[in-house]
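Got the viewer open? Here's a short tour of what to select next and what you'll find there.

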Amino acid sequence: MAAKLIPTPGQTVGPFFALGLDRPEWADMTRHNPQGERLTIEGRVVDGDGAAVPDALIELWQANAAGRYDHLADEQADKKIDPNFHGYGRVATDAEGRFRIRTIKPGPVPGRGNALQAPHINVAFFARGLLRQLHTRIYFSDEPANASDPLLSSIDEESVRRTLIARRGEGGVYRFDFVLQGENETAFLDL
Amino acid sequence: MAEPPSYARHRDGGQPPYLYPDYASTVKRAPMRPLIRFEHTLSEITGPSFVSGWAGPEATDLTREHAGEPLGERIIVTGRILDEDERPLPNTLVELWQCNAAGRYRHPVDQHDAPLDPNFTGAGQAITDGDGRYRFVTIKPGAYPWRNQPNAWRPAHLHFGVFGGGFVARLITQMYFPGDPLLQYDPIYNSTADRQARERLIADYDPNLSEPEWALGYAFDMVLRGREETPFEVQ
């Protein structure tokens, strides 16, 4: 077998990424009017001192309302692609470390073996001070399927598991904070 | 159903760590708890596709966006987006941002005492061709000071963002220039322990890419995570 190429290392997104990467319209994944339940996710990003992180970039990747990803590797013939939803979103934090995204509730997607994964949004998280991205997921507090989700079930401590779950509040607005260090540190994934 | 083909894990030292105290900003931002290892599912091996053009038109010549030409050394930067098995990634989005020739970003947070250039913004995007290739025309960015350590200067660099086939292969990185004396002092560049991996970040000067009387050419391939080795089927 041919020798593999060495992958390019990540390097920090730095403090000036908005120049090239901030596309405010990409924070609204409902902008092409996809099928599905509208929701808003908002929250704050804080560092190990609890200070706001004003230079973070949050990227989102999710299935459509039926639970199908708009990608060739998703071969679930029983679920339709939604031409108005490509599944990718992006938002930068403001000066107070806050962010808000508009999207639709993803459907459940298959896991490994015969498992079904609870509805979730995949997150790639970048910031000044992070030399490469962190990976995590956003789940939904009012979702019964969380109880049998393979990732959530693999986390023993409730205090860690709950950092992955957006809390539903008034009017379909969910709250999800990214805590980079400390007591309520967000659970980040080794993928 | 067969398990989806996972992406290969990064090898030790081939990527920067999260906590790297020489880069002071990592100290309060790197996670302290061990990461939770999770085997890839459809969620990890799928990712955004740009074939339909939703990401907008290409903007690959950063020297022609204003009434006049920007100051600085005109450069051509081109290369391929590949995975570890040398498979090209066609139709993928490559984003670029950078400071101007004086070392100043067009960004409100940048207070470096160097002039903005009214003829330079410093952002572009390309969609790779069928061979995974991108090409930008721009100007060589300047070095600039930062406050990480006393008298610290960032080596000249371009910021690149690239998407792989799966969301786990997403890469945001920086490209440096060969022979830059600032590289040896730069903690961001030196954060990757493996020398060969680190040197992937340095473009090659390529006289065949230079255009006579006009611009210097640099070659810069970016290599994203590939698939795990497929074990042989046992009958």
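Start by selecting A:Asp55: leaving aside neighbours within four places in sequence, A:Asp55 is in contact (heavy atoms within 4.5 Å) with A:Pro15, A:Phe17, A:Thr93, A:Phe126, A:Ala127, A:Arg128 and B:Arg29. This is a predicted model, where local features need pLDDT of at least 70, side-chain atom pairs count only at pLDDT 80 or more, and totals for chains, interfaces and linings use all residues. Residues are numbered from 1 along each chain as its sequence is written, chains are lettered from A and ligands numbered from 1 in the order written, and side-chain values use heavy atoms, leaving out hydrogens and water.

Stay on A:Asp55 for a moment. You'll find A:Asp55 in the loop between β1 (38-46) and β2 (56-61) of chain A; strands are DSSP runs of E, at least two residues, numbered from the N terminus. Is A:Asp55 buried or exposed? A:Asp55 counts as buried (under 20% relative accessible area, 1.4 Å probe, protein chains only) because its relative accessibility is 9%.

Now add B:Arg29. Its side chain makes a polar contact with the side chain of A:Asp55, at 2.8 Å. Such a contact is a pair of N or O atoms within 3.5 Å; within protein, one must be able to donate a hydrogen and the other to accept it, and residues adjacent in sequence count only if both atoms are side-chain atoms.

Last stop: β9(A). This strand (residues 165-168) pairs in the parallel sense with β8 (residues 134-140) of chain A, over two bridges; pairing takes at least two DSSP bridges between the strands. Pick A:Tyr139, and its bridge partner in β9(A) is A:Ile165. With β10 (residues 173-175) of chain A, β9(A) pairs in the antiparallel sense.

Definitions and conventions
Helices (H or I, at least four residues) and strands (E, at least two) are DSSP runs, numbered from the N terminus. Buried means under 20% relative accessible area, exposed over 50%, partly exposed in between (1.4 Å probe, protein chains only).
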